[in-house]
Amino acid sequence: MSEQPVLEVAGLEVSFPGKKKMFGKAAPIRAVKGVSLSIQPGETLGLVGESGSGKSTVARALMRLIEPAAGRVTLKGEDLTALKGSALRKARRNIQMVFQDPYSSLDPSALVADTVGEALEVHEGLKGKERDARVAELLELVGLAGHHLERYPYEFSGGQRQRIAIARALALNPAVVVCDEAVSALDVSTQNQIIGLLEGLREKLNVAYLFISHDLAVVRHISDRVAVMYFGHLVEVGTVEQIFERPAHPYTRALLSAVPIADPVRQRGRKTAILSGEIPDIVNPPKGCPFASRCEFATDACTEKMPEFRDHDGSSVACYHPLENSPTSEAFALSQ
Ligand SMILES: Nc1ncnc2c1ncn2[C@@H]1O[C@H](COP(=O)(O)OP(=O)(O)OP(=O)(O)O)[C@@H](O)[C@H]1O
């Protein structure tokens, strides 16, 4: 029997106010529609999808950095969506975020000791030497020497700054860390080091990750399971093997086959399901599956109603005609 999930998201909806029109009311932008997912302790769930599919909005809403319009977020058994004020701040200790850009996410005027130690002061009342000793431990945990305490972010490389951001995220020993494109701004060798660090920390601390990335090779490497988003909807969730080797949703297959293969001969001979066609207008969404207009398998049912999730060959997929043994996945496997 599986453990209780550390994070459960059910029916998450997020809307933004639409652009004001000259006449009439502005239609809201429904950026996230009915997203449900769960993460087990110590598990890494990858979250992928094209730009604008809603990945960052899911992350920000589940941390209550923006208010969801509907849905429930349960963190370590506690309903985050029902909490306010100090109760919310306390519960949020358990979920922290690492952002893409370590240059802008760290305060340039703050010493590393203050950046990493702030949460320890606020939540645990640690001060002075006691706080700094804990910060030095955290720096060592992320592979930096403890004596970096008295330095400013500009004195570090991009990779070292991301290590500082990770140390800050881990200060309160969270159960979940959301990594939103956390390695995307780094060069490949630094990326590999940070990924190795995240994997090591997961082993040591049993922390779970929601790992958002547009880099499918990185997601494949780090994730246990992968969730695929399209146009604000989750369309498929499965183990990393299922998603990459037997994608069931035509969108997942197209997304994977859009990854170029380095060898031009193999690239030319490859059977692809290229992502062609326009993404629907987010202000006037279609009533059925939003991928139907781009999907070679779409039927009338697809344009009528968004399909419910169903189990298919071990994954969970929102599609009326999930694919069997999708051939493009083989091409993706070859590209690795
Ligand atoms: N503050 C906002 N106001 C209005 N619309 C927004 C706002 N933030 C996001 N959106 C819209 O919500 C949708 C989802 O955006 P989001 O940034 O979550 O996508 P994403 O999958 O994270 O994309 P990317 O990979 O480019 O970061 C997009 O249509 C975006 O334009």
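**Strand pairing, core and ligand shell of the predicted model**

Strand β7 and strand β8 (residues 208–212) run parallel and are joined by 5 bridges. The model in which this pairing occurs is a predicted one. One of the residue pairs linking the two strands is formed by D180 and its bridge partner I212 in β8. Strand β7 (residues 176–180) also pairs with strand β6 (residues 95–98), again in the parallel sense, over 4 bridges. In this second pairing, Q96 stands opposite V177 of β7. Pairing of this kind proceeds through backbone hydrogen bonds, whether the strands are parallel or antiparallel.

The surroundings of β7 are consistent along its length. Of its 5 residues, 5 are buried, so the strand is largely enclosed by the rest of the structure. The side chains alternate in direction: V176, V178 and D180 point one way, whereas V177 and C179 point the other way, and all are buried.

Residues of this region recur in the nonpolar core. The largest such core contains 84 residues, of which V176, L210 and V228 touch the most other members. Helix α6 (residues 158–170) contributes the largest share of this core, with 6 residues. The contacts of L210, with neighbours within four places in sequence set aside, are I39, L45, L47, A59, V176 and V178. Two of these contacts, V176 and V178, point the same way from β7, and another, A59, is among the buried residues of helix α1.

A second arrangement of strands is an open sheet of 4 strands, with the order β2-β1-β4-β5 and antiparallel pairing. The edges of this sheet are occupied by β2 and β5 (78–79); each has a single partner strand, so one side of each is left without a neighbour in the sheet. Strand β1 (residues 7–16) is paired with β2 in the antiparallel sense through 7 bridges. Within this pairing, L12 has V35 of β2 as its bridge partner.

Both β2 (29–39) and α1 supply at least two residues each to the shell around the ligand. The shell comprises 13 residues, among which F16, A31, S51, S56 and T57 come nearest to the ligand. Its largest share, 3 residues, is drawn from α1. By residue class, the shell divides into 4 nonpolar, 8 polar and 1 charged.

Helix α1 (residues 55–62) is itself largely enclosed by the rest of the structure, because 7 of its 8 residues are buried. The buried residues are K55, S56, T57, V58, A59, A61 and L62. Two of them, S56 and T57, are also listed with the residues that come nearest to the ligand. Just after the helix, R64 adopts a positive phi of about 60°.

Two further buried positions were examined, one in a helix and one in a loop. G117 is situated in helix α4 (residues 112–124). With 27 other C-beta atoms within 10 Å, G117 is buried. When residues up to four places away in sequence are not counted, G117 touches R131, D132 and V135. The C-alpha atoms of G117 and L149 are 9.7 Å apart in space, while the two residues are 32 apart in sequence.

F231 occupies the loop between β9 (225–230) and β10 (233–239). This residue counts as buried, having 22 C-beta neighbours inside 10 Å. Apart from neighbours within four places in sequence, F231 is in contact with S53, I279, P280 and P290. Between F231 and A69 the separation is 162 residues in sequence and 17 Å in space, C-alpha to C-alpha.

At the level of the whole chain, the secondary structure amounts to 13 helices and 12 strands. The radius of gyration is 21 Å, which agrees with the value near 20 Å that a compact globule of 336 residues would have. Along the principal axes, the C-alpha atoms fill a box of roughly 65 × 55 × 50 Å. Buried residues make up 42% of the 336 in the chain. Of the contacts between residues at least 6 apart in sequence, 65% join residues at least 24 apart.

Terms used. Residues are numbered from 1 along each chain as its sequence is written. This is a predicted model: local features need pLDDT of at least 70, side-chain atom pairs count only at pLDDT 80 or more; totals for chains, interfaces and linings use all residues. The radius of gyration is taken over C-alpha atoms; the globule rule is 2.2 Å times the number of residues to the power 0.38. A residue is buried if 20 or more other C-beta atoms lie within 10 Å of its own, exposed if 12 or fewer, and partly exposed in between; C-beta atoms are placed from the backbone. Two residues are in contact if their C-beta atoms, placed from the backbone, lie within 7 Å. A nonpolar core is a set of buried Ala, Val, Leu, Ile, Met, Phe, Trp, Tyr and Cys residues joined through C-beta atoms within 7 Å. A residue is near a molecule or strand if its C-beta atom, placed from the backbone, lies within 6 Å of it. Ala, Val, Leu, Ile, Met, Phe, Trp, Tyr, Cys and Pro count as nonpolar, Asp, Glu, Lys and Arg as charged, and the others, Gly among them, as polar. Two strands pair if DSSP finds at least two bridges between them.
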